[in-house]
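Colleague: I've got this model open next to the sequence. Can you walk me through it?

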Amino acid sequence: PAAKPVPAKTGGKQLGKATPAPEPLATQPKAKPVIVIDPGHGGIDPGAVGATGVYEKNIVLAMGRELKERLDASGRFKVVMTRDRDVFLKLRERVAKARAAGADLFISLHANTHPNAQMAGLSVYPPTLGEPALREAIAGWLQRRYGVMVDPATQVLPVNGSREALF
């Protein structure tokens, strides 16, 4: 094996400009990812009105509260809601809350209606910016979990259990 070089003795004097050794990085545990849940509409804006007269703003607020409860229970995330009561927030206020919280993921909840009462399903708008791998991961999870045919670049809407994307 080759011998390691031995530093020359300089009598305490620095020879030339030496680059100091970098300080060791402090190892801090990674903070929990921040998820911001945004129940759509609220206050003066009821959103869609269902066949029974139920307001979208009430449905998505209940969904948001339940989702927050489940995510909090996992202990893996810091979860923030843009609204936790029936108040109207402008879009810029919702965005400001997400930015102030340092959101890693922003989930906007809506409950749309359709003229065909037999329609059932969900819409997913995958991230349009960022890594294609993230969109593909979301699409793959939805396909495995719910059996829907997923194109990660489009909305996902399983219709009447047919397991096909509408868009």
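Colleague: Which residue follows H1 with a positive phi?

Modeller: A caveat to begin with: this is a predicted model, where local features need pLDDT of at least 70, side-chain atom pairs count only at pLDDT 80 or more, and totals for chains, interfaces and linings use all residues. Residues are numbered from 1 along each chain as its sequence is written, and side-chain values use heavy atoms, leaving out hydrogens and water. Helices are DSSP runs (H or I, at least four residues), strands likewise (E, at least two), numbered from the N terminus. Phi is positive, near 75°, at the residue after H1, and that's Gly 75.

Colleague: How far apart are the end C-alpha atoms of H1?

Modeller: H1 has 19 residues, and the expected span is 1.5 Å times one less than that number. That predicts 27 Å, and the model agrees: the ends are apart by 27 Å.

Colleague: What do the buried residues of H1 line?

Modeller: Buried means under 20% relative accessible area, exposed over 50% (1.4 Å probe, protein chains only). Val 60, Leu 61 and Gly 64 are among the buried ones, while Glu 69, Arg 70 and Ala 73 are exposed on the other side. Down the axis, the buried residues fall within an arc of 120° (directions from the axis to the C-beta atoms), so they line one face of the helix.

Colleague: Which strands do they pack against?

Modeller: Contact here means heavy atoms within 4.5 Å. The buried residues of H1 pack against E1, E2 and E3 (105–109).
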